[in-house]
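Hi everyone, thanks for making time. I'd like to walk you through a couple of local spots in this one, so let's bring it up on the screen.

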Amino acid sequence: MPSKRLTKAERMRIYNMYGGRCAYCGKEITYREMQVDHVKPVFRGWDEHLKQHLPDGHLGTDEVSNYHPSCRPCNFRKSTSDIEGLRGAIEHGITCLKRDFTYRMMLRYGLVEETPKRVLFHFEQVQLGIADMPEQQKRQLIDKLFADAENIAEALSDTKIQNILYNQLKLSL
């Protein structure tokens, strides 16, 4: 939650950014349910010395341009993570579930099926113009996007280049 008090007009602008949906999972939320999330986290109560050791560009601000509408579960899970930290945590979720006995039993009996997928957040789908596509067509584009980024990055063997190319590929779709 932002430390500065948002006006009703600012909250409404944030709520409407993605049509009354969570910017991350895309779930429809009411204005009252919406939590305002910092895209780039703000580290309240941190010692200034500790903040100096954060990676460049990791520290956010209390400005409307740094806010996204969020449902409670996404905002809670994201916590002080950046976007890539949240993406990694969600994609890693199946590995965490496998530690649970009940989940392993459900898998064994075919009651659940694992479908590991790369995560493309709702706000990214909106930016790419694919949020309203049929799910199967959207999934094919998302899989291609990540495969292309990974193939190029593997050829170049550089994580920074992978991130740059991934962002460029997103813009070109």
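Before I start, one term: when I say polar contact, I mean a pair of N or O atoms within 3.5 Å, where, within protein, one must be able to donate a hydrogen and the other to accept it. And please keep in mind that this is a predicted model.

Let's begin with Gln125, which sits in helix α7, residues 122-128. Is Gln125 buried or exposed? Gln125 is buried, at a relative accessible area of 11%. Its side chain has a polar partner in the backbone: the oxygen of Leu120, reached at 2.8 Å. There is also a side-chain to side-chain polar contact, between Gln125 and Lys138, at 3.0 Å. If we leave aside residues up to four places away in sequence, Gln125 touches Leu120 and Lys138, and also Ile130, Ala131 and Ile142. So both polar partners turn up again in that contact list.

Now to the cysteines. How many disulfides do we count here? The count is zero. Take Cys22: the nearest cysteine sulfur belongs to Cys71 and is 3.8 Å away. A disulfide needs the two sulfur atoms within 2.5 Å, so that pair does not qualify. Cys25 is in no disulfide either, and again the nearest cysteine sulfur is that of Cys71, at 3.8 Å.

As for their surroundings, Cys22 is buried, with 0% relative accessible area, while Cys25 is partly exposed, at 46%.

That's my tour, and I'm happy to go back to any of these spots on the screen.

Technical notes:
Residues are numbered from 1 along each chain as its sequence is written. This is a predicted model: local features need pLDDT of at least 70, side-chain atom pairs count only at pLDDT 80 or more; totals for chains, interfaces and linings use all residues. Side-chain values use heavy atoms; hydrogens and water are left out. Buried means under 20% relative accessible area, exposed over 50%, partly exposed in between (1.4 Å probe, protein chains only). Helices (H or I, at least four residues) and strands (E, at least two) are DSSP runs, numbered from the N terminus. Contact means heavy atoms within 4.5 Å.
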